[in-house]
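I set out to read this model from its sheet outwards, and I keep the entries in the order in which I looked things up.

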Amino acid sequence: MSTLSQQVNEYLRVRRALGYKLEREGRLLADFVAFLDRQGVSHITADLALHWATLPASATTRWWALRLSTVRRFAEYLRAFDAQTETPPSDLLPHVKPRRLAPYVYTDDEVLTLMAATHTLRGLKAHTYATLFGLLASTGMRVGEVLALDRSDIDWQQGVLVVRHSKFGKSREVPVHPTTVQALQAYSQARDHGLPRISSPAFLVSLAGTRLHYKNVHRGFLHLLRQAGMADRQPRRPRLHDLRHTFATQTLSRWYREGMDVQACLPMLSTYLGHVCPSHTYWYLTATPDLLKVASGHFEQSLGELP
């Protein structure tokens, strides 16, 4: 292993200890170091960083900028130990404004249709995917959080799920509705009956009795989306993560329609979803036209009540 490879591993270890996942960054930096090795270079230079960042030539400027920013952060860290390291200037590429796609908001019927499509799967797999989709829709949890749930993370008496060491290393408790508890109990019984000798502590398991892998789940979701006739939805194809967006926007919409003080309630939703701060939750308001319309109507109604 080269010195640069060791330094990348140490850099990732330090940042991951702060709660960052850095899966994509890890892959990109490994590729960058391999590129430098092929050039016979042992120190980062701005020219080589730019050369690597703009590969392939057919990629978008946004992708180039992301690659370069990944190298810049690593170079800034490395420069504290290696004076020969050059930190690429931030203006080497045109400024690209960060883009965040507007969420796809599922209707209740669409969620039910997606869950019904799981009946085309065999045995326990059908029950596993139906439980996964239902849990995402009813709690707004991140996909990775649901896949990471262990059987010991469910408090059946209190109706609470424990999410451990999620994004940014945060843990939290997620209260769930009694009907959700019933659905989880039904799955638990079906799982233990179908796979009585599983050794994995995971709550949701594959047919082999192992914890579900995100790539396989995503592949299965796309298959079921086609089965449900929802793959061609506009303005874009629904994503699995959009079930989290749907939970957030529907909660905010309900609060507005019920006349609740959304500003006062927002920190509760932010905590429930595991957001770092309420501003991350408030993004759903501006990202969803229908929700923005409801909020605007509520605001105009409030103005009409003023003397």
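How many bridges join strand 2 to strand 3, and do they run parallel or antiparallel? I find four bridges between strand 2 and strand 3, and the two run antiparallel. I note at the outset that the model is predicted.

**Entry: the sheet**

I traced the sheet next. It is open, has three strands in the order 1-2-3, and pairs them in antiparallel fashion. Strand 1 (154-155) and strand 3 (172-175) are its edges, each pairing on one side only.

I then looked up single bridge partners. V160 has P175 as its bridge partner in strand 3, and L161 has V174 there. On the side of strand 1, I counted two bridges to strand 2, again with the strands antiparallel. D155 is the residue that stands opposite V160 of strand 2.

I also inspected the hairpin formed by strand 1 and strand 2. Four residues lie between the strands, and G159 takes a positive phi near 70 degrees in this hairpin.

Which residues of strand 2 cover its two faces? I recorded V160 and V162 on one side, with L161 and V163 on the other, and all of them are buried.

**Entry: the chain as a whole**

I stepped back to the overall counts. The chain holds 13 helices and three strands. Of its 307 residues, 42% count as buried. I also took the contacts between residues at least 6 apart in sequence, and 59% of these join residues at least 24 apart.

**Entry: the nonpolar cores**

I looked up the largest nonpolar core and found that it has 52 residues. Those with the most contacts inside it are Y106, L114, L132, F133, L161 and L240. I then listed the elements that each supply at least two residues of this core, among them helix 5 (108-116), helix 6 (124-139), strand 2 (160-163), helix 8 (178-194) and helix 10 (242-257). Helix 6 gives the most to this core, with seven residues.

I followed L114 further. Setting aside neighbours within four places in sequence, I find L114 in contact with Y106, F133, F221, L224, L225, A228 and M230. Apart from the largest core lies another one, of 24 residues, which include V33, A49, A75 and L78.

**Entry: the second largest pocket**

I turned to empty space. About 460 Å³ lies in the second largest pocket. The pocket is lined by 21 residues, and the closest to its centre are G134, L135, A137, S138 and T180.

Which helix gives the most to the lining of this pocket? I found that helix 6 does, with seven residues. Helix 5, helix 6, helix 8 and helix 10 each supply at least two residues of the lining. By character, I sorted the lining of the second largest pocket into ten nonpolar, nine polar and two charged residues.

**Entry: A83**

My last look was at A83, which lies in the loop between helix 4 (61-78) and helix 5. Is A83 buried or exposed? Its relative accessibility is 68%, and the cut-off for exposed is over 50%, so I enter A83 as exposed. I also looked up its separation from H43, which is 40 residues away along the chain: the C-alpha atoms of A83 and H43 are separated by 9.5 Å.

Definitions and conventions. Residues are numbered from 1 along each chain as its sequence is written. This is a predicted model: local features need pLDDT of at least 70, side-chain atom pairs count only at pLDDT 80 or more; totals for chains, interfaces and linings use all residues. Side-chain values use heavy atoms; hydrogens and water are left out. A nonpolar core is a set of buried Ala, Val, Leu, Ile, Met, Phe, Trp, Tyr and Cys residues joined through side-chain atoms within 4.5 Å. Buried means under 20% relative accessible area, exposed over 50%, partly exposed in between (1.4 Å probe, protein chains only). Contact means heavy atoms within 4.5 Å. Two strands pair if DSSP finds at least two bridges between them. On a 1 Å grid over the protein atoms alone, a cavity is a set of points where a 1.4 Å probe fits but cannot get out, and a pocket is an open set with protein on both sides within 12 Å along at least five of seven lines; lining residues have an atom within 4 Å of a point. Grid points are joined across faces, edges and corners, and a volume is the space filled by probe spheres set on the points. Ala, Val, Leu, Ile, Met, Phe, Trp, Tyr, Cys and Pro count as nonpolar, Asp, Glu, Lys and Arg as charged, and the others, Gly among them, as polar.
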